[in-house]
Amino acid sequence: MKDYDDKKLKSVTKEGLDMDETEDEKKKREEEKAKFESLCKLMKDILGDKVEKVVLGNRIDESPCVLVTSEYGWSANMERIMKAQALRDSSTSGYMVSKKTLELNPGHQIVDELRKKAEVDQSDKTVKDLVWLMYETAILTSGFSLDEP
């Protein structure tokens with residue numbers, strides 16, 4: 001089922017989720033994007049190839065961050081199913097990992113405090129530890145499995 005009552009259905013676990021926003025909300029989102037741009041770049045540098053990109057999201061209400069897959073990529077459940085295949089070839093395992101995007105919640109206190117700490121000192125070990133903690137927590141809450149549990 002792709003649409004209902006002339007509305008197109010979309011998965012909320014995929015990137016590119018568009019929600020109707022007013023002009024004020026769009027303006028606020030642009031200001032937040034500029035404010036958090038350096039944190040997103042720092043988090044991408046710390047996480048390396050674990051994530052495709054780090055962006056600000058508008059889908060999250062209570063969590064500090066969430067991992068989403070590309071629009072046409074595998075969901076967390078499909079990735080888990082493919083990893084569990086008995087006859088899978090180890091050479092194709094690189095294709096079985098979906099490209100993940102880490103979406104931050106700019107309204108969450110943890111993300112705001114992390115931004116403030118990163119502005120003071122980007123090479124702080126606490127900042128790197130918090131980024132990894134947030135990433136691994138997002139893996140679990142988004143339905144993916146850890147590489148080394």
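The legends below describe close-up views of a predicted model. Local features need pLDDT of at least 70 and side-chain atom pairs count only at pLDDT 80 or more, while totals for chains, interfaces and linings use all residues. Residues are numbered from 1 along each chain as its sequence is written, and side-chain values use heavy atoms, with hydrogens and water left out.

**View 1. The largest nonpolar core and its contributing elements.** A nonpolar core is a set of buried Ala, Val, Leu, Ile, Met, Phe, Trp, Tyr and Cys residues joined through side-chain atoms within 4.5 Å; buried means under 20% relative accessible area, exposed over 50%, and partly exposed in between (1.4 Å probe, protein chains only). The largest such core has 25 residues, of which Leu39, Met43, Leu67, Leu102 and Leu104 touch the most other members. Two or more residues each come from helix 1, strand 3 (53–56), strand 4 (65–69), strand 5 (100–104), helix 3 and helix 4 (125–141). Helix 1 gives the most, with seven residues. Helices (H or I, at least four residues) and strands (E, at least two) are DSSP runs numbered from the N terminus. In soluble globular proteins, nonpolar side chains tend to be buried together.

**View 2. Contacts of Met43.** Leaving aside residues up to four places away in sequence, Met43 touches Val54, Leu102, Leu104, Leu114, Val131 and Met134. Contact here means heavy atoms within 4.5 Å.

**View 3. The largest cavity and its lining.** A cavity is a set of points on a 1 Å grid over the protein atoms alone where a 1.4 Å probe fits but cannot get out, and lining residues have an atom within 4 Å of a point. Grid points are joined across faces, edges and corners, and a volume is the space filled by probe spheres set on the points. The whole structure holds two cavities of 30 Å³ or more. The largest encloses about 40 Å³ and is lined by Ala76, Glu79, Arg80, Lys83, Gly143, Phe144 and Ser145. This lining comprises two nonpolar, two polar and three charged residues. Ala, Val, Leu, Ile, Met, Phe, Trp, Tyr, Cys and Pro count as nonpolar, Asp, Glu, Lys and Arg as charged, and the others, Gly among them, as polar.

**View 4. The second largest cavity.** Its volume is about 30 Å³. Ser38, Leu39, Leu42, Arg115, Ala118, Glu119 and Gln122 form the lining, with at least two residues each from helix 1 (23–47) and helix 3 (109–120). By class, three of these lining residues are nonpolar, two polar and two charged.

**View 5. Salt bridges within helix 3.** A salt bridge is a side-chain nitrogen of Lys or Arg within 4 Å of a carboxyl oxygen of Asp or Glu, and the whole structure has seven. Arg115 pairs with Asp112, with the closest N and O atoms 3.0 Å apart. Arg115 and Asp112 are three residues apart in helix 3, so about one helical turn separates them. Both Arg115 and Asp112 are buried. Shared partners join Asp112, Glu113, Arg115, Lys116 and Glu119 into one salt-bridge network.

**View 6. Two salt bridges within helix 1.** Glu32 bridges to Arg29, three residues away and about one turn of the helix, at 3.6 Å between the closest N and O atoms. Glu32 is buried at 16% relative accessible area, whereas Arg29 is partly exposed at 26%. Asp45 and Lys41 form a salt bridge with the closest N and O atoms 3.6 Å apart, and both residues are exposed.

Methods:
1 Å grid on protein atoms, 1.4 Å probe; cavity = no way out; pocket = protein on both sides within 12 Å on 5 of 7 lines; lining within 4 Å.
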